[in-house]
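Here's a quick tour of one model, written for someone who'd rather be at the bench. Have a look at it first, then read on.

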Amino acid sequence: MVKPTRVTNSIRALRFGAGEMTQAELADRVGVTRQTIIAIEQGRYSPSLETAFQLARVFGVPLDDVFQYPEE
Amino acid sequence: MSVSFDEKVAWAYLVVAVLGYAVYLILLGVNGPGAYVPLLIGTVVGSIVANILARIGISISNPREADKRDQRDREIKVFGERVGQAFVVIGALAALVLALFETPWFWIANAVYLAFVLSAVVGSIATLVAYRKGLPAW
């Protein structure tokens, strides 16, 4: 029943690139809980488009650098 | 393992639902079916009080995260409630059929109560699975 999302992300790498930003700090900046950041990083949750753009904005990169979708 | 406020509340809801119904069945077995009305009311009220106390306890144990929820918490809550509500409908149908056949009130009340318990149990299990494994992709 539960299908894992095919969307992958580079949030973990981006956090380390941004001065080892913690999950808690990132969560505060986009207005979600730390558990949600963990779930997004592990591919267990696909955030809304709104939150996806906010994540990209925090790292100052385009959306494609944060989330990737595999070719068919 | 990091657990959000709503996930802890879902755990408490599951434990209270199972324990509450277990206590009801044990007391019913001890006192006999004739005593079911006060026992049923007592365990329902007891479960509500236990849930409120659990919620307060969870809030006190981590005040910073108390009542903090985001889009994921809300989506999971809606999912869990929808799964649970299927059993409320089943309970209503069971009560309808039992009433049509003029089954004793004992069975009608107990069928509805069991459906409420199943709704709480299955709904909170669905919630907890969604927290751990992710929401199903449609």
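What follows covers one helix pair in chain A and then the overall build of chain B.

This is a predicted model, where local features need pLDDT of at least 70, side-chain atom pairs count only at pLDDT 80 or more, and totals for chains, interfaces and linings use all residues. Residues are numbered from 1 along each chain as its sequence is written, with chains lettered from A and ligands numbered from 1 in the order in which they are written.

**The helix pair in chain A**

Two packed helices are described by the angle between their axes and the distance between the axes. For H2(A) and H4(A), that angle is about 120 degrees and the axes sit 10 Å apart. H2(A) is therefore oblique to H4(A) (neither under 35 degrees, nor over 145, nor 65 to 115). Here's who touches whom, counting C-beta atoms placed from the backbone that lie within 7 Å:

| Helix | Residue range | Contact residues |
|---|---|---|
| H2(A) | 23-30 | Leu26(A), Arg29(A), Val30(A) |
| H4(A) | 49-59 | Thr51(A), Gln54(A), Leu55(A), Val58(A) |

**Chain B as a whole**

Chain B has four helices and zero strands (DSSP runs: H or I of at least four residues for helices, E of at least two for strands). Its C-alpha trace spans about 50 × 35 × 20 Å along the principal axes. Of its 138 residues, 25% count as buried, meaning 20 or more other C-beta atoms lie within 10 Å of the residue's own. Among chain B contacts with a separation of 6 or more, 79% come from residues 24 or more positions apart.

How values were computed: Axes fitted to C-alpha atoms, helices over the stretch in contact; angles between N-to-C directions. Contact = placed C-beta atoms within 7 Å. Buried ≥ 20, exposed ≤ 12 C-beta atoms within 10 Å, placed from the backbone.
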